[in-house]
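Please find below a short note on the nonpolar cores and salt bridges of the model under review.

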Amino acid sequence: MASFEMYREADPVMSKEIRDVVPAHYVLKIKSFSLFAKNNMGKYESGEFEAGGYKWKLILYPNGDKSRNGENHISIYLAISGTNPLQLGGPIHVAVRFSLYDQICDRYLTEQERVTRFHALKAEWGVPRYMPLKIFADPSNGYLVDDTCIFGVEVFVIKSSGVGECLTLKASASYTHQWKISRLPSLGEDYLYSDVFTVGDHKWKVWLCPRGDYSNRGQSLSISLGLVEADKLASGQKVNARYVIRLKGPNNFVHQPEARTTSFSSSTVWWGWPSFMPLKTVQECLTDDPCFIEAEVTVLGTISKLP
């Protein structure tokens, strides 16, 4: 179970997690930490390491980065290394986690992931007030024990896959198409199609299988709504619509399932109800003519691939 601590003195929004897992990308162990001050070493840059296809360095200010208001704190940064990598590929978006090893609890105090952007004018990023020196240097806290400490960092480069979609909402275009059916209980056709009707610049039709589709043959009446000429849509384009189909018969008989909202495309032309109504109900309730199938369709918008 992970626990959390807030170092408000160091950073009012820096939340940290205590975990068992060793930092994935780089660990910096420092022995004789006190010699930083004695040798007047205000800054240390680690060796290079690779993560996400780029080379990086960990930068530590053991007595604080005073140029960024880090007095009396440990300051820690991540810097991109190599020869002008940012100018070659543009900005790099990175999720960064810094860690400090608690030698008493045998766990890592890990800053929650932050996302930042590296570019030609910003080749490093970090936390000037990572931890107060007073807390860090107290051996009872476990971070500096026998003048030894261990820092770590994880670097996750965020590379966009370019996959996404654009939803273009439209003012609701609604229409109810009525289809008159005679002798519904005795129809033996495999399937029937309604006339084509237009809603929101798109053509539609209703598909009726009086004896049920292949999975409900002899059990239920099947009805679906189809987008006509779906093959003319642009690659990846979809039409988002809300629809319901109701069956009306003599003596105020009405059967209507819940309305649905879904997307129609060249690969998904039909949506509907394979088990719209049991054939037994059709035989019992719809013996008199005529019956009417009503398709109420509202086009809500179109969905397309991001350019």
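The points below take the basis of the model, then its cores, then its charged pairs.

1. The model is predicted, so local features need pLDDT of at least 70 and side-chain atom pairs count only at pLDDT 80 or more, while totals for chains, interfaces and linings use all residues. Residues are numbered from 1 along each chain as its sequence is written, and side-chain values use heavy atoms, with hydrogens and water left out.

2. The largest nonpolar core (buried Ala, Val, Leu, Ile, Met, Phe, Trp, Tyr and Cys residues joined through side-chain atoms within 4.5 Å) has 34 residues. Trp-56, Phe-98, Phe-136 and Phe-151 have the most contacts inside it. Among the elements giving two or more residues to this core are strand S6 (54-61), strand S8 (92-102) and strand S12 (149-158); strands are DSSP runs (E, at least two residues), numbered from the N terminus. A second, separate core of 33 residues includes Leu-286, Ile-293, Val-297 and Val-299.

3. There are 13 salt bridges, each defined as a side-chain nitrogen of Lys or Arg within 4 Å of a carboxyl oxygen of Asp or Glu. One network of them links Arg-19, Arg-97, Glu-113 and Glu-154.

4. Arg-68 forms a salt bridge with Asp-65 (3.5 Å, N to O) and another with Glu-124 (3.1 Å, N to O). The latter pair links distant parts of the chain, 56 residues apart: Arg-68 lies in the loop between S6 and S7, and Glu-124 in strand S11. Asp-65 is buried, at 4% relative accessible area, whereas Arg-68 is partly exposed at 40% (buried means under 20%, exposed over 50%, partly exposed in between; 1.4 Å probe, protein chains only).

5. Arg-114 and Glu-111 also form a salt bridge (2.5 Å, N to O); Glu-111 is buried, at 1% relative accessibility.

Notes:
Helix = DSSP H or I, 4+ residues; strand = E, 2+ residues; numbered from the N terminus.
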